[in-house]
Amino acid sequence: PTELSGLQLNKNPVEGFSAGLIDDDDIYKWEVVIIGPQDTLFEGGFFKAYLTFPFDYPLRPPKMKFITEIWHPNVAKNGDVCISILHEPGEDKYGYEKPEERWLPIHTVETIMISVISMLADPNSDSPANVDAAKEWREDPNGEFKRKVARCVRKSQEMAFD
């Protein structure tokens, strides 16, 4: 728990996100809001997610799950975020990721958010969590994929001001 209390909280979404505890009594559950990065299909969106830290953080990575609907190759349909730095440390049994691309104890909420923002801007369709989104992004990024993302952005804006 002491590692978590030392985390730097970024309350000002200058970096494109804000983060804080969901409940002041539980330091393991955080709520983050990612602002869709400029010049991407996600621009203007407010995407809420939960970060759940394991008790042995920072030795193991948190899990991240979008609560706001988001259509993206690296986000499962249930909202689970699938990116290298949130994968357990060590060797990848599939040989796809290098150990240094996976979780390292030096990562912070900020480095995770920066990676997720960069993932929004530049999806990795080689190992998708949402196969349908990956297929649309590869085959027709300005068609069906763009329409679904635009719908998610609109919904996220409506939810943000509820």
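Accessible area, as I use the term this morning, comes from the Shrake-Rupley method with a 1.4 Å probe. With that in hand, let me say at the outset that what you see above is a predicted model, and that by this reckoning the protein exposes about 9100 Å², of which carbon and sulfur atoms supply 53%.

Let me turn to the overall layout. The protein has four helices and four strands, and if you read along the sequence you will find them in the pattern α-β-β-β-β-α-α-α. The C-alpha atoms fill a box of roughly 45 × 45 × 25 Å, taken along the principal axes. The radius of gyration is 16 Å, and because a compact globule with 162 residues would have a value near 15 Å, the two agree. Of the contacts with a separation of 6 or more, 53% are accounted for by residues 24 or more positions apart.

On charge, there are 18 positive and 28 negative side chains, and the centres of these two sets lie 7 Å apart.

Now to the interior. Buried residues make up 40% of the 162 residues, and the largest nonpolar core has 34 residues, among which Ile34, Leu51, Met64, Phe66, Ile112, Met113 and Val116 touch the most other members. At least two residues of this core are supplied by each of the strands S1 (17-21), S2 (29-35), S3 (46-52) and S4 (63-66), and likewise by each of the helices H2 (109-121) and H4 (144-160). Which element gives the largest share of this core? That is H2, from which seven residues come.

It may help to look at one member of that core, Ile112. Once its neighbours within four places in sequence are left aside, Ile112 is in contact with Leu51, Pro62, Met64, Ile85, Leu86 and Trp103.

My last stop is Asp80, which is found in the loop between S4 and H2. Is Asp80 buried, partly exposed or exposed? Its relative accessible area is 32%, and since buried means under 20% and exposed means over 50%, Asp80 is therefore partly exposed. Leaving aside neighbours within four places in sequence, Asp80 is in contact with Met64, Lys65, Asn74 and Val75, and Met64 is also one of the contacts of Ile112. Pro62, another contact of Ile112, is 18 residues from Asp80 in sequence and 11 Å from Asp80 in space, C-alpha to C-alpha.

Definitions and conventions: Residues are numbered from 1 along each chain as its sequence is written. This is a predicted model: local features need pLDDT of at least 70, side-chain atom pairs count only at pLDDT 80 or more; totals for chains, interfaces and linings use all residues. Side-chain values use heavy atoms; hydrogens and water are left out. The radius of gyration is taken over C-alpha atoms; the globule rule is 2.2 Å times the number of residues to the power 0.38. Buried means under 20% relative accessible area, exposed over 50%, partly exposed in between (1.4 Å probe, protein chains only). Contact means heavy atoms within 4.5 Å. Lys and Arg count as positive and Asp and Glu as negative; His and the chain ends are not counted. The place of a charge is taken as NZ of Lys, CZ of Arg, CG of Asp or CD of Glu. A nonpolar core is a set of buried Ala, Val, Leu, Ile, Met, Phe, Trp, Tyr and Cys residues joined through side-chain atoms within 4.5 Å.
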